[in-house]
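Thanks for coming. I will go through the interfaces first and the cavities afterwards, and I will give the cut-offs as they come up.

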Amino acid sequence: MPGPSTGPSGPSTGPLREVAIVAFGQSDHVRSSAETSEVEMLMPVLHDVVSRTGLKAGDIDFTCSGSSDYLAGRAFSFTMALDGVGAWPPISESHVEMDGAWALYEAWVKLLTGEAETALVYAYGKSSPGDLREVLTRQLDPYYLAPLWPDSVALAALQAQALIDAGLTDQGALAGIAARSRTAAEANPHAQLRGAVPAGDPVVAPLRTGDCPPIGDGAAAVVLAAGDTARRLCDRPAWIRGLDHRIEAHALGVRDLTDSPSTRLAAERAGYFARPVDTAELHAPFTSQEVVLRRALALDGPDGAGVRINPSGGALAANPVMAAGLIRLGEAAARIQRGESDRALAHATSGPCLQQNLVAVLEGETR
Amino acid sequence: MSKEPVAVTGIGQTHHVAARRDVSIAGLVREAAGRALEDAQLTWADIDAVVIGKAPDFFEGVMMPELYLADALGAVGKPMLRVHTAGSVGGSTALVAANLVAARVHRTVLTLAFEKQSESNAMWGLSLPIPFQQPLLAGAGGFFAPHIRAYMRRTGAPDTIGSLVAYKDRRNALKNPYAHLHETGLTLEKVQASPMLWDPVRYSETCPSSDGACAMILTDRTGAARAPHPPAWVHGGAMRSEPTLFAGKDFVSPQAGKDCAADVYRQAGITDPRREIDAVEMYVPFSWYEPMWLENLGFAEEGEGWKLTESGVTELDGDLPVNPSGGVLSTNPIGASGMLRFAEAALQVRGRAGEHQVDGARRALGHAYGGGSQFFSMWLVGAEPPAV
Amino acid sequence: MPEILTAPLVVEFPFTRSLGPVQSAFLTGLRERTVLGVTASDGRVVVPPAEYDPVTAEEIRELVEVGTAGTVTTWAWNPAPRRGQPLDTPFAWVLVRLDGADTALLHALDAPGPDAVRTGMRVRIRWAAERTGAITDIACFEPDESTGDDGRTREPVAHDGQFPDLLTGITAPARLDYTYSPGAAQSRYIQALADRRTLGERCPACRKVYVPPRGACPTCGVATSTQVEVGPRGTVTTFCIVNIKARNLDIDVPYVYAHIALDGADLALHARIGGIPYDQVRMGLRVEPVWADGAFPHSPEDMGAAPIPDHYRPTGEPDADYDSYKELI
């Protein structure tokens, strides 16, 4: 099998282990989940995903989660979410202050070392308690940017205008992305926004309401397993053929906002360009960001013609911050498990204007 | 195929003080990273990936600050991971980085942990006014002191043990140029006469609040062969978590701590930690946690840990030196405190600990934990490569 | 379903940020109506100046002065300004490449409407009347239709970064407003407290009773749903004597902060002990709650206050035997 690619001075030795996503579960994504605490929202998802494998919680070798204190407005918020796991007897466990896609990355590495056969990965985010646009300003450079409180829509809109100025898209094309996503979401029972959604008024022009993701709460979880364990737990495991992530400079003014070199590099390292995929789950919260990602991934080229983009509806249909990236990996894997895809790309992003990007290439075994 | 052995070839830390007013957050982390690179004689281009850790983002008021730090840490165009596992984070971060090498995903990884507590106030960050919850009635020490009293009740330890630990660690810190507290005139009498803040915890038995960062370069066998100085080799590493609060939780000797240590010893082939380990850097935020952890980590039978402390075994020239660097009691940049334990353990087996070097240290344990005694991370490092 | 409680949560702090030399020079320069950039390893002039090269990560310290007018590289029209943003009337967010710079700076542009803004347009800095050394010393940009020289440099000119009263730090206040909800289990618990009843919840798997309940049995990972009234009496399992005043707490020291296992509960909660000299509190002491007078649950000023007992006091019963509570410490 093609192993995960490696850094510039990457090692040349060592057959790495095969690791697959064997189960995926998610909550319904809703505007507000005030009636449940984080653990109350998360726990049914954990039960669901573990039961799909036939495992018991105690059978899992490693657990890793992703979440953010700033969404909750509380320090150490993840420690209480752990109550939903049932960490007794004590478990081998870790947490990233990132989207759950990076928690999956950490768990994947753990499985590659051979120290674990199975891993539970989960992520959750409740955007409803705070003002998400305001909260996300706190992840900007604290000296030059954060004091101006530029919100997440404003930054995405600067990127969208750059694309329009470069002749790479227009408002009609953006509306088309929105419509395609939310039409696809009609088949996704967990989606928050589906069906015909009006383009709406400008939020921060050129982005209109329809170009922006819904703000909401949700949770997601996957189970990873290695080799024969994966085959035992799942009829058609979604094998992780490659997984890589890269970050760019932080300041928007030093980046070419119309491109995503970090996505392209991660995709190269993940072996994506070796042969075409049939499905791409892209974590593009704003319509304009899908344009950037499609360019970076050459999805508008000849190999992109047959690719189904965001059959789940993507982040435009449900965007629980900190979980939305993990959901892309889960949705792509579920599609492989259902036999609807043989080779899929899944992507997750973090930071302003696609600063950090993760790419996974998943495959089902030939039937 | 077995795991790739992991070597520590570069270690750097900042001069830790209450407030580093001369640097930005980026400047602080760079100081540690630069020293680690210099130790390993590598450049930014040699680094394949960056793994960074810190405690809650509210401490600096920057959500996911690694995004802003990507440039300063040479991560542009590279993978960057951010770990947060409460107080154990510095240790967990190093273990995540070590796994990247062990799994042969990368050859050379920079790992770093930091806290710049002077940007806000640690107690503010730890006690946000969450509605419907009882405010923290007793400050930071009030959380730990009842558990210490429980330990004293359980073991019958004399109430002077805590002062012995504090006096030892602060004296050790005098030999560590990077330590925050350098209390040159300190005597045991002064420790024992310091104000009783949270009875049974005295002022001199508590940790300071520091700005600081710690960085390490982890690499594979090839990288280790090129290193200019002797590396430390990772012989075992583990994380364990248990719930923060639960019926039957033993705050004095948490099961997760015992299990974590047992896993590390198994990996490293240690059967008698008291005899086979030469130095320990453990996370002791309040002095009494030294005897508590001595038992939890298997260096003493239950109820006997304080006797090791009392008899001088844990002194720098003792049979099992504990916290030769001065420990958390002398330096506490929260998110970095765990990595400092890991790094100081590695310095010992590399023979590069300077004045606080334990003579002939060949195997050392680094230990970190989260304040709620719920998250543990540990590694055991040795001067020799592990048997493959 | 219980009534779900919610209350405002304000997370606010005036963060004190030390700057380091490059940011110090840049922000002090703004105070003096001077814009500094830094020369990157590849010769590009980066404005605002980074401390470390975005490409090579090298430390970069070679400061230059650039112009105060420049060109919009991209923009976005903000019809509804939000709290903290540079202008409170509709404005454009802009990335501006100042004359002499090779990278762009993010700020606001005061313009009458989106039709007046385009990429490539010329803009100039409008300085704030009162400047302290902050990015907000640039009040905003404004359209600059003059073609002539604005009196400031167009080519970068070396600058030593020195100004009188060089700023070394800034204060960056930040406030975020949340609406906190504790979820279903804690809402049930808090509402019962208002009736001076302490409701734990039993785990259906291990049968342990959790107080306060948090929605899940943390060892079994399943929902607790059966309510069980516990207490009101309990046993002090361990404690400390607090001799320093805690922040924002109006309690005279010394006082005793104790872990109390309420009768029927399987773990201890934390509370203050009163009604007994502090130095006579001991492990095993039997105690009962003294309820605070309070307006819970629905007066606005008490929103978010938990109607917990003010403290616990001795019941007068004999002390509990150590073996009876040692598993609860």
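A polar contact here is a pair of N or O atoms within 3.5 Å; within protein, one must be able to donate a hydrogen and the other to accept it, and residues adjacent in sequence count only if both atoms are side-chain atoms. What you see is a predicted model, so local features need pLDDT of at least 70 and side-chain atom pairs count only at pLDDT 80 or more, while totals for chains, interfaces and linings use all residues. Residues are numbered from 1 along each chain as its sequence is written, chains are lettered from A and ligands numbered from 1 in the order in which they are written, and side-chain values use heavy atoms, with hydrogens and water left out.

Start inside chain A. Its domain assignment gives domain 1 (19–130 + 216–233) and domain 2 (132–213 + 241–362); such bounds come from an automatic or database domain assignment. Taken over C-alpha atoms, the centres of these two domains of chain A are 22 Å apart. Contact, meaning heavy atoms within 4.5 Å, involves 37 residues of domain 1 of chain A and 35 residues of domain 2 of chain A. Between domain 1 and domain 2 of chain A there are 10 residue pairs in polar contact, both at pLDDT 80 or more. The rule finds zero salt bridges across that interface, a salt bridge being a side-chain nitrogen of Lys or Arg within 4 Å of a carboxyl oxygen of Asp or Glu.

Next, area. Buried area is the accessible area (1.4 Å probe) that two parts lose on being put together, summed over both. The two domains of chain A bury about 2,700 Å² between them, and carbon and sulfur atoms give 69% of this. Of the area that domain 1 of chain A buries against domain 2 of chain A, His29(A), Asp99(A) and Trp102(A) supply 25%, more than any other three residues.

Chain C is also divided, into domain 1 (20–167) and domain 2 (183–328). The centres of those two domains of chain C, over C-alpha atoms, are separated by 56 Å.

Now between chains. Chain A and chain B bury about 5,200 Å², with 66% from carbon and sulfur atoms. On the chain A side, Tyr70(A), Glu97(A) and Ile247(A) lose the most area to chain B, together 12% of what that side buries. How many salt bridges are there between chain A and chain B? The count is one: Lys3(B) pairs with Glu115(A), and their closest N and O atoms are 2.5 Å apart. Polar contacts join 13 residue pairs across the interface of chain A and chain B, both residues at pLDDT 80 or more.

For chain B and chain C, the buried area is about 4,800 Å², 62% of it on carbon and sulfur atoms. Trp124(B), Phe132(B) and Leu137(B) lose the most area to chain C within chain B, together 18% of what that side buries. One salt bridge is found across the interface of chain B and chain C, from Glu119(B) to Arg17(C), with the closest N and O atoms 2.6 Å apart.

Last, the cavities. On a 1 Å grid over the protein atoms alone, a cavity is a set of points where a 1.4 Å probe fits but cannot get out, and lining residues have an atom within 4 Å of a point. Grid points are joined across faces, edges and corners, and a volume is the space filled by probe spheres set on the points. The whole structure has six cavities of 30 Å³ or more. The largest cavity holds about 360 Å³. Its lining has 27 residues, with Asp141(A), Tyr144(A), Ala251(A), Pro48(C) and Ala50(C) nearest the centre.

Conventions: 1 Å grid on protein atoms, 1.4 Å probe; cavity = no way out; pocket = protein on both sides within 12 Å on 5 of 7 lines; lining within 4 Å.
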